[in-house]
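Reader: I've got this model open and I'd like a close look at one part of it. Could you take me through the smaller partner and how it sits against its neighbour?

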Amino acid sequence: MKIGTFLCNCGGSIRNIDWDNLKAFIEEKTAENDNFCVYHESLCSEEGKNYLKEVVGREQPDAIVFGGCTPKTAGYLFEQELKGLNISPYQVTGANLREHVGWVSSDKDSATKKAKAVLLGAHNRAGYQAPVEVQKINISQSAVIIGAGPAGLQAAQDLAEKGHEVHIIDRQPYIGGNAVKLGAFFPSEDCAACQTSTGVRGVHQSSVRRCFYRSGFDLHPKINLYIRSEVENVTGRLGGYNVTIKSQPTYVKMDRCVNCDLCSQACPVEKPDEMNLGLSTRKAIYLPNITCSPTKYVVNRDECPEGCTECVKVCPVNAIDLNERETTTTVTAGGIILATGFQEFDPAIVEEYHYGVPGYENVITQSELARLLALTGPYHGKLQKKNGDPVKRLVIINCVGSRSQNYNIWCSNICCMIGIKHAITIKEKNPEIDVYCCYIDIRAVGANYEEFYNKARDLGIKFIRGRPAEVETDGTNLYVQVEDSQADTMLTLKTDMVALSMSMVPSSGVQKIAELLNVNVDVTGYFKGLYSKFRTSETNQAGIFVAGTAIAPADIPTTITKAAHAASHLDLLLTKGSVEKRFPIAEIDNDRCTLCEICVGACPFGAIDVVPVENPGVKMQVNPLSCLGCGQCVSSCPAACIDIDYYREDQILSQVEGLLYDNGETPDPIIITLACWECAYASTDFIGQGCLTDPEFKYPDNVRILPVQCTGNVSARLIQKTFEKGADGIIVLGCFEDKCHYDSGSKASTIRVHLMKQMLEYSGINPDRLEKETVYTESSNRFVETARKMAKRLEELGKLER
Amino acid sequence: MTLTTELKEEFKDLYDKVKLCYQCGTCAGGCPVFKQYSSFNPRRVMEKLLAGDISAEIFDEQQIWYCTGCYTCSTRCPQGIDICHVINDMKNIAVKIKNAPPGIITEMTAILETGITAAKSTSALRKRDKLELPEIPPPDMTEIQKLMEVTGVIAKLNALKEDAK
Ligand SMILES: Cc1cc2nc3c(=O)[nH]c(=O)nc-3n(C[C@H](O)[C@H](O)[C@H](O)COP(=O)(O)OP(=O)(O)OC[C@H]3O[C@@H](n4cnc5c(N)ncnc54)[C@H](O)[C@@H]3O)c2cc1C
Ligand code: SF4
Ligand code: SF4
Ligand code: SF4
Ligand code: SF4
């Protein structure tokens, strides 16, 4: 293999290195195979780039070593120049002579020594570099959305308008999710059961918004709606998921039903209406809610008396089929959006408020109050007690189950506003009703929220800063025990009704979906976004997105924004039709695999499948579409039979060997830093920059750095072999554990280093010779401190005796 | 009052136990003492600990001795703070720095000698009767005294008596 070395002095800024000496050294060390080395003052200048192109064109090297600035920037600088010259970026290996050597070192001799080692290390590694095979992945032009609440609807509409086929699934017999039950909406004070209209405003004839029932959502030619349906199974990967949908029958043909209500009038069965807290009744054939969509009747078949066909007899359009069966449909999707929303936390769990206890019938939740206040509700908007008596006083209790170490630690974000909305609705209609709101803190952080809160105060709603300790009853009235903490007084509020602002928790069934799709859920139980700052609507599985309150409690405007975000990101993928994957991924040597399946659990992206084969029954197979090449499987495999090209053990060790080069010149102990290629390596660059102006950033020259993909890639074997090669100390430098670019890599590595230290102790090596450190650039001084400490320690411990 | 290093440590422990308190007042809202006597407010006690108020008054003051140790606050606190236990710790510190109210000596002596702090009132006995509750058995004095011995209460009591002289 012919390797060309390009040395660059970065416009003369790397003054500390004796370049002639360095060039002579590498020429002598790597004299075989027509290898060559050239020097240029400034390779990234126009003239320099031309020189590079000319030399590469003439010499046709199989691999390139670039000794100059950090490979983080050099990589981008030369990508353009190298195009068409038969060299891929993976065949260029960087020797970071600027940020890791010249700018850090204070002394020319020592800098040149270190430069030799760094350059030799890169040269060794370059000897292994081959182009990476590019894989083309086709993307099916369709999407599956689970959940048809405000989030699912927005995403479906956006994608359908873009021209993608959309399959949207909801387990309820209607769309709109929680919003259809809410009645009025804050802060705009209009209906909650309303969504954006399709089409472009000003181009298509559409107002800004429309009720669910007249939105025509279910008629959109690109939208396939599956109500009373759930996802049964999912196979396949990014670009081509096969989703099996199981649908329970509604027994009414959607395309025929004309909403005449004759069936319902004929039905002999009367049941409590769940939509209205059982405070009104419905028939066994009924319309779930008049504001929802599809506005079609459904039958709860298990409620029908044996043999009854009254509804069938009266239906004028022959829409009812009481023998309809459950159906199963399998659809293909390029990507999936999870929009499963939220539900209220079970109020009975917070025992001191006695929800559900006989005698406490007028302790209700905000969702229930919303139904009482809704015109479509059981009392047509009139606020009354369960026994029909009018409500003269209402006490709202906020944060029930939220912000609590005992229940849910999170703030549910909008309960303060829900309480205020209901208080205002009541006060505006019935100023004589006394409304109290007991709170810990009022969080009014959305647009127009503070104004809304002010309005409530204007209307005379009484805000008590205190979380009630108990709700009691004397059989007629309720009594709320609360400290008014601003007045240091104990209040006992006699009241007719208490409304609990319940914590918002994930929908039931999230866990099942998470397992089916291999997506991560947070400690909160909500689906976990890929990262907290951006890519918030992506999950750990490429091609699976999350929208709305399936990720955290939110109001409708935020839900809609999140849904549009998820849809636009999925659209980016679908529109492409196909994508190219151009980085190395894990490869398993199946002959050596012992089928322990440890790797399957170690991969945070579920990329390793156990697939059936004739002999020995199963084998591990890496799915190229899901693998991100992080190497966590590599370090977990006890049989050491997984490797990733470019970060193979022999490749890394070859670089280590170079970095340890001392030619008898360096009697000092040498510390090898295995830095993850993401924030950790960037931090070491940042330190190099910092050294230019602030000596506080300097660390000793016997600390030498090389990149790994992720610290999760660093196996116990790699650590052991790095010691065997001659390292006297090792620092494993990664991202902060909760900020790992590959989910769990840094955390796994911390654990591994901890165990490795114990093993070192057993084998008589001082465990202080190994450290794990975590950084991001703004905290990169942590590395400087660790490096200095380790160097100091090794001064005492000396070189490792082998 | 100046605090010794040891007490500072103990105070730090107390602070660690209450640092999640966000002053919601649930403890006060349920406290049977606060209901009757608004000068004793467990939330305010937490507030002082949070504010790092280790000056004289926090342990000097007699307030904490009003807590009956009923644990209502501890079972309700949304932040999982064991308020009752914290107040107990404070009482112990107060004893250590010799700030226990004199009444505590009388109470401890009463328990040592009779097993109870106050004789049952006739009205209470009548109420029990009406509710058909069984008679309260007399306390087992050997057991009680043994317990007070091994837990070091008697030694503490003697020390308190000595100080009071
Ligand atoms: C009492 C109350 C009042 C509110 N008032 C307001 C207000 O005034 N203004 C405001 O902005 N916000 C308000 N909100 C918040 C609002 O309800 C939410 O922001 C909104 O409903 C979130 O929409 P979503 O689509 O994310 O979830 P959801 O509305 O919860 O919809 C989720 C959908 O997914 C379906 N689903 C769940 N799991 C599955 C599954 N496994 N398979 C199939 N389908 C599934 C559900 O059936 C549901 O239809 C209020 C909330 C409450 C509780
Ligand atoms: S390299 Fe990472 S993403 Fe790929 S299979 Fe291994 S653990 Fe999974
Ligand atoms: S960890 Fe290694 S040996 Fe075990 S199943 Fe995976 S590849 Fe095979
Ligand atoms: S209940 Fe808990 S959080 Fe609330 S004020 Fe009392 S100690 Fe603090
Ligand atoms: S334990 Fe003390 S502070 Fe807590 S509720 Fe009972 S009397 Fe009040």
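Author: Here's a walk through chain B, then its contact with chain A, and then a few spots in chain A.

Keep in mind that this is a predicted model. Let's start with what chain B is built from. You'll find eleven helices and zero strands in there, so to speak a run of α-α-α-α-α-α-α-α-α-α-α if you read from the N terminus on. The chain has 165 residues, and 39% of them count as buried. Its C-alpha trace spans about 45 × 40 × 25 Å along the principal axes.

The domain assignment cuts chain B into domain 1 (5–96) and domain 2 (102–164). Their C-alpha centres are 25 Å apart. As for how the chain contacts itself, take the contacts between residues at least 6 apart in sequence: 72% of those join residues at least 24 apart.

Now for the contact with chain A. Chain B brings 20 residues to it and chain A brings 19. Between them the two chains bury about 1,600 Å², with 45% of that on carbon and sulfur atoms. If you want residues to click on, go for Tyr22(B), Arg76(B) and Pro78(B): on the chain B side these lose the most area to chain A, and together they make up 32% of what that side buries.

Over in chain A, the domain assignment lists six pieces, among them domain 4 (346–505), domain 5 (585–642) and domain 6 (647–802). The centres of domain 4 and domain 6 of chain A, taken over C-alpha atoms, are 56 Å apart.

Two ligands are worth a stop. Ligand 2 has 13 residues around it, and the closest are Cys603(A), Cys627(A), Cys630(A), Gly631(A) and Cys633(A). By class, that shell holds ten nonpolar, three polar and no charged residues. Ligand 3 is surrounded by 13 residues too, with Cys593(A), Cys596(A), Glu597(A), Cys599(A) and Cys637(A) the closest. Its shell comes out as eleven nonpolar, one polar and one charged.

Last stop, Ser780(A). Look for it in the loop between strand 40 (770–774) and helix 20 (781–797) of chain A. Ser780(A) has a relative accessible area of 2%, which is under 20%, so it counts as buried. Its side chain reaches the backbone oxygen of Thr777(A) at 2.8 Å. Setting aside neighbours within four places in sequence, Ser780(A) is in contact with Ser683(A), Phe686(A), Ile687(A) and Val775(A).

Conventions. Residues are numbered from 1 along each chain as its sequence is written. Chains are lettered from A and ligands numbered from 1 in the order in which they are written. This is a predicted model: local features need pLDDT of at least 70, side-chain atom pairs count only at pLDDT 80 or more; totals for chains, interfaces and linings use all residues. Side-chain values use heavy atoms; hydrogens and water are left out. A residue is near a molecule or strand if one of its heavy atoms lies within 4 Å of it. Ala, Val, Leu, Ile, Met, Phe, Trp, Tyr, Cys and Pro count as nonpolar, Asp, Glu, Lys and Arg as charged, and the others, Gly among them, as polar. Helices (H or I, at least four residues) and strands (E, at least two) are DSSP runs, numbered from the N terminus. Buried means under 20% relative accessible area, exposed over 50%, partly exposed in between (1.4 Å probe, protein chains only). A polar contact is a pair of N or O atoms within 3.5 Å; within protein, one must be able to donate a hydrogen and the other to accept it, and residues adjacent in sequence count only if both atoms are side-chain atoms. Contact means heavy atoms within 4.5 Å. Domain bounds come from an automatic or database domain assignment. Buried area is the accessible area (1.4 Å probe) that two parts lose on being put together, summed over both.
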